[in-house]
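Thanks for making the time this morning. Please have the sequence and the structure open while I talk, and stop me if anything is unclear.

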Amino acid sequence: PNCLVGIGEHIWLGEIDENSFHNIDDPNCERRKKNSFVGLTNLGATCYVNTFLQVWFLNLELRQALYFSSFLKTTCFLTDYEPQTICEHLQYLFALLQNSNRRYIDPSGFVKALGLDTGQQQDAQEFSKLFMSLLEDTLSKQKNPDVRNIVQQQFCGEYAYVTVCNQCGRESKLLSKFYELELNIQGHKQLTDCISEFLKEEKLEGDNRYFCENCQSKQNATRKIRLLSLPCTLNLQLMRFVFDRQTGHKKKLNTYIGFSEILDMEPYVEHKGGSYVYELSAVLIHRGVSAYSGHYIAHVKDPQSGEWYKFNDEDIEKMEGKKLQLGIEEDLAEPSKSQTRKPKCGKGTHCSRNAYMLVYRLQTQEKTTTTVQVPAFLQELVDRDNCKFEEWCIEMAEMRKQSVDKGKAKHEEVKELYQRLPAGAEPYEFVSLEWLQKWLDESTPTKPIDNHACLCSHDKLHPDKISIMKRISEYAADIFYSRYGGGPRLTVKALCKECVVERCRVLRLKSQLNEDYKTVNNLLKATVKGSDGFWVGKSSLRSWRQLALEQLDEQDGDVDQSNGKMNGNTLNKGSAKSLCVKEEEEELNFNEDILCPHGELCISENERRLVSKEAWSKLQQYFPKAPEFPSYRECCSQCKILEREGEENEALHKMIANEQKTSLPNLFQDKNRPCLSNWPEETDVLYIVSQFFVEEWRKFACCVFLHSIALIWPSEWQMIQKLFVVDHVIKITRSEVGDGDPSETQYISEPKLCPECREGLLCQQQRDLREYTQATIYVHKVVDNKKVMKDSAPELNVSSSETEEDKEEAKPDGEKDPDFNQSNGGTKRQKITHQNYIAYQKQVIRRSMRHRKVRGEKALLVSANQTLKELKIQIMHAFSVAPFDQNLSIDGKILSDDCATLGTLGIIPESVILLKADEPIADYAAMDDVMQGKDKLI
């Protein structure tokens, strides 16, 4: 208790930095720097949205048009205004990006209006397409033509699909607008090669020939794309995310693609002579090796200053020397030895393995000097947000100042008092170590002193709690109690004398216990003579030392648990105490093991033994409250009566059981039992009793047998009626109809079979077949070219494993099939027809539990609640057939609903599904649509 080192004082000794007194960051760090752009908060997985917003914001023409659109003017003066439409959110967001005082802003309103999941990363290229389409449709309702047509003017170009007949030379054109060019990068190293492949001529020959309207027949032809017009802003999508047929998922192509800052598109357009020189204005980067995760950033060029900036969510970094620097964006997250070395790039060119979109702006002679002004109604909203930000900065600065002032005051207090804590020879008091540690803990406010946990039952200091107390000077204690309050105060006279005396007594008994244990063992070896002995339970004798020790520990006030605390370290008392309580509940006290339920001496002499008077007196010192039974004490009279009655009842039960077994020997031994499927000739009536009754009776007669119901001979039924009370008679009667043909036999039950219960049982059996888990089904792959389900689904041009004429012919009655069998050994079904009886056991042909696999078939483990799409993924891994190439059918029914579960489709355990694979295709866009459900931004 005198050691005051290592209780948390080290953090207060010496000089302390002011910043350690608070955990509040400087609010000025959240302020926008001069001549810099504003960042956007990443809401979880919305970095792809942030990159496009920054690219669109730095398109001055688009920003200006959005400011001119009339959405906010009628509602902007409402104090609680919140944007509603997509364009309103975009207007407000652009205004904040332009004139906010914050270092970054929160785009959650805009993201929520689009209905995006902030925790799931979407396809960035798909998002760009859908949002541009949505923006164009929204702005088309504006009256101002500069606003209404801004998307077409900035991003829309036109090309034509031109098909030329090789026979007559006729050209067929199909005009189409585009907002970006999707360029395949597989097998290419330069951007110009990707553009050339996009415009490459394609030959239409063989089965892919073109139907010429001029020739009125299919002819060989050529097809290509001709660029007719290009937009001011040319978006080039590099198709880095493609479908992998081996895995059934998208993958990322980490191929280096070279591109220049100046792109001349004149060689690629049909009409020459125009201005088609473009300048690189943005590079969108995806960092990561997977198509389903990673991080999106954007390098964008400021059109006014010509400087490049890297936009990484909240962080904006200006590139040095007005040059594009991709830097570490080209390092993959998972380095591989087989990575391709980065090619050398000349001046004005760049290489990237992570760029997925390049944005080029049409080059103009005059430099952009236009300044986009924020409209007054938008600026008012921005000013309102800036005022909130300034108020927040002032509030945070004040909180920082208050925390620093409190910290300095606490520092001075600790430095002053810690030197005066040691008591020395002067008067002293005891204070809880836990409270002193909390006083020295800067992270928690100091509470009043609470010493109640250290008091004994006499409201004084418990001697065993000294180890969790600290002895401090009376001077320091006076200051503590005056500043923080609490109590009770534990002075030098606070130590409990009674507890000290009791503790000494317990320690003395503990030390004496080992000697007494040896003495008692020696006394137990001697034979007890006469009537001087005492009855003691054998179990108590085996464990009396342990019981005595536990009892002393309990009297000691859990000494061992309370002694386990040192400076800064505490044993878990709760767990040890709960363990002791649990053991006490499970064990009896000393000598209670020979008590009967009536509180007297038990009648079983095997559980007790006589000990001498000397041994009992030793034991009684440790267990003064133990039950005492001298050797002359009689056993419990009530237990003797119950024992005698039990013996008489047991003899009676044996006699009754022997009589019943002799009366019903066949029923007891389960011999010569009647069967419905093989009705005995000697009787036309059988009785039914509950199988539960038969089981209980056989248990009574020392036998167990399990079934659902039991059939009883008439002679046995007469004997049962004599031996037992019968509440209802249930029987089945057989009667012949016609000329005695066995097929015309009828069975009548009394009482009638309940049709509702029978229907419920059948429905339950059907439900069980639809609610399975980890069951086996079989998929059989068909390799011929015949059509599947041609009759049932003629609209689907898919293939199948067999036609109607190829199906296996039904086998005649009685012929055995290796995969199918009939119940009851294939015996002929008997006709059961009567108004009082519904078929007891319908004989049906059923699948064998052992399925015989054939060639081209594989077993899969499935559950009823999984979807057809998930099953197709399993089939893809088993047969290497992509899901969209799979044509599945079962029992003549095509399985086409990918969202339906196997249970609803009627697929049960041991089912056989036919798989017919279509020829592989190379349309990656179609593959993506199958594997990834695209969410529409509407």
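I will go through the nonpolar cores, then the aromatic pairs and the charges over rings, and finally a few strands.

Before anything else, please keep in mind that this is a predicted model.

Let me begin with the interior, where the largest nonpolar core has 58 residues, and where the residues with the most contacts inside that core are W56, F110, F127, F131, L135 and L284. There is also a second, separate core, which has 36 residues and includes I185, C194, F259 and V269.

Several of these names come back when we turn to the rings, since ring pairs link Y48, F52, W56, F110, F127, F131, Y296 and Y356 into a cluster.

Across the structure there are 26 aromatic pairs, and I would like to take two of them in some detail. In the pair of Y428 and F430, the ring centres are 5.8 Å apart and the planes stand at 90°, which is why this pair counts as edge-to-face. As for accessibility, Y428 is partly exposed, because its relative accessible area is 23%, whereas F430, with a relative accessible area of 9%, is buried.

The pair of F590 and F623, on the other hand, is stacked, with 4.3 Å from centre to centre and 10° between the planes. Where do F590 and F623 lie, and which parts does the pair tie together? F590 is in the loop between α16 (573–586) and β27 (608–611), while F623 is in the loop between α17 (613–622) and α18 (637–663), so the pair ties together parts that are 33 residues apart in sequence. Both partners are buried, F590 with a relative accessible area of 4% and F623 with one of 5%.

Rings also take part in another kind of arrangement here, in that the charged end of R63 sits over the ring of F57, 3.8 Å from its centre, and the charged end of R608 sits over the ring of W535, in this case 4.3 Å from the ring centre.

Let me finish with the strands. β30, which covers residues 730–735, runs antiparallel to β28, residues 685–690, and four bridges join the two; within this pairing, L686 has I732 in β30 as its bridge partner. β30 is also joined to β31, residues 746–750, by five bridges, again in an antiparallel arrangement, and there S735 stands opposite Q746 of β31. When you look at these strands on screen, it may help to recall that in a regular strand the side chains alternate between the two faces of the sheet.

Terms used. Residues are numbered from 1 along each chain as its sequence is written. This is a predicted model: local features need pLDDT of at least 70, side-chain atom pairs count only at pLDDT 80 or more; totals for chains, interfaces and linings use all residues. Side-chain values use heavy atoms; hydrogens and water are left out. A nonpolar core is a set of buried Ala, Val, Leu, Ile, Met, Phe, Trp, Tyr and Cys residues joined through side-chain atoms within 4.5 Å. Buried means under 20% relative accessible area, exposed over 50%, partly exposed in between (1.4 Å probe, protein chains only). Rings of Phe, Tyr and Trp (its six-membered ring) pair if their centres lie within 6.5 Å; planes under 30 degrees apart count as stacked, over 60 as edge-to-face and the rest as tilted. A charge sits over a ring if NZ of Lys or CZ of Arg is within 6 Å of the ring centre and within 35 degrees of the ring normal. Two strands pair if DSSP finds at least two bridges between them.
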